[in-house]
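Reader: Walk me through one part of this model, and tell me what surrounds it. I'd like a close look rather than a full tour.

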Amino acid sequence: MAVKHQLPKTPKPKAPIEEHKKHAEEFLKDPMYATKPETLNDTSDEAKP
Amino acid sequence: MTYRPPFIKQGDGSRCQWQNCGCAAHAMAAMRSRLGRNPNNEHGWPPTPSEIRNRIGGGCDGTNLQENAAAVAHLYGVIMLVRYGVPWNTFRSLIISGRGAVVQIRYSVIAPTRFDASPGFTGNHAVYVNERRSSDGAYYVYDPLADHRRSSIPQGPQWWPATLLQRAAYAMPGTSTGCVNASFTRDTE
């Protein structure tokens, strides 16, 4: 019986940290995301002891 | 290696302790932001949930991101960047690139898992996220409730699967679909 050879899986390319930093900095400059949506209730609730 | 702040629990016996998740999470974020260094001002160090709570003032209602960010800026000189409707991929980039974050979550998503640190609680909550592990994408999460006050309750920071953190953050009422609300530390890396 013929053995089917499997090619090793190609690892997913990972974005270098510089790319993440650039993405993060650009996002943080956008003032739109600093505004709280009117529908959001972001107040925490009372937890159980 | 990414700096890891000490775990700070909310159940410390202080006033409003069970409503102090946001304060405790921001106390840990302040430690991360300052890499544990004392600002040597007139306020206490290390940060405590009660000092942050007292700065916010008022009764024992729950707190939100803006209130806590303003308190840690005043007390410790720590600037937190509060952002709403953050797409998940962007949140991931912010963490990978060297920031910690206080993330708002709905505890009903955590309740059925082994990470549940407050049996019976299903409401709005805040956790501090310090870093992401590249091998499996898990996040190192400091749940201020995880103080091992009973044997069944986790102790200190835990590696949460990314999907769990994501689902819990998405479930905050009023949050844009597929987004999270969070308060980010400076880039310390």
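**Helix α4(B) and its surroundings**

Author: Let's take α4(B), whose buried residues are T90(B), F91(B), R92(B), S93(B), L94(B), I95(B) and I96(B). Buried here takes 20 or more other C-beta atoms, placed from the backbone, within 10 Å of a residue's own (12 or fewer is exposed, in between partly exposed). That makes seven of nine residues, and the helix is mostly covered. Helices (H or I, at least four residues) and strands (E, at least two) are DSSP runs numbered from the N terminus.

This is a predicted model, in which local features need pLDDT of at least 70 and side-chain atom pairs count only at 80 or more, while totals for chains, interfaces and linings use all residues. Residues count from 1 along each chain as its sequence is written, with chains lettered from A and ligands numbered from 1 in the order written. Chain B averages a pLDDT of 97 (the predictor's confidence in each residue, 0 to 100), and the model has ipTM 0.89 and pTM 0.93.

So what covers the helix? The cover over its buried residues includes α1 (17-29) of chain A, along with β1, β2, β3 and β6 of chain B. Just past the helix comes G98(B), with a positive phi near 120 degrees.

One of those covering strands, β6(B), is itself well wrapped: six of its six residues are buried, so the rest of the structure largely encloses the strand. C179(B), N181(B) and S183(B) are buried on one side, and V180(B), A182(B) and F184(B) on the other. β6(B) pairs (at least two DSSP bridges) with β1(B), antiparallel, over five bridges, and here P87(B) has C179(B) as its bridge partner. β2(B) pairs with β6(B) as well, antiparallel over three bridges, with A101(B) opposite F184(B).

Now the chain A side. In all, 37 residues of chain B are in contact (C-beta atoms, placed from the backbone, within 7 Å) with 23 of chain A. On chain B, α4 is among the elements that each supply at least two residues to that side, with α1, β1 and β3. β1(B) gives the most, six residues.

As for the interior, the largest nonpolar core (buried Ala, Val, Leu, Ile, Met, Phe, Trp, Tyr and Cys joined through C-beta atoms within 7 Å) has 56 residues. Those with the most contacts inside it include V102(B), V103(B) and V127(B). α1(B) gives the most to this core, nine residues. Beyond its neighbours within four places in sequence, V127(B) touches A25(B), V103(B), I105(B), V141(B), Y142(B) and D143(B).

Methods. Two residues are in contact if their C-beta atoms, placed from the backbone, lie within 7 Å.
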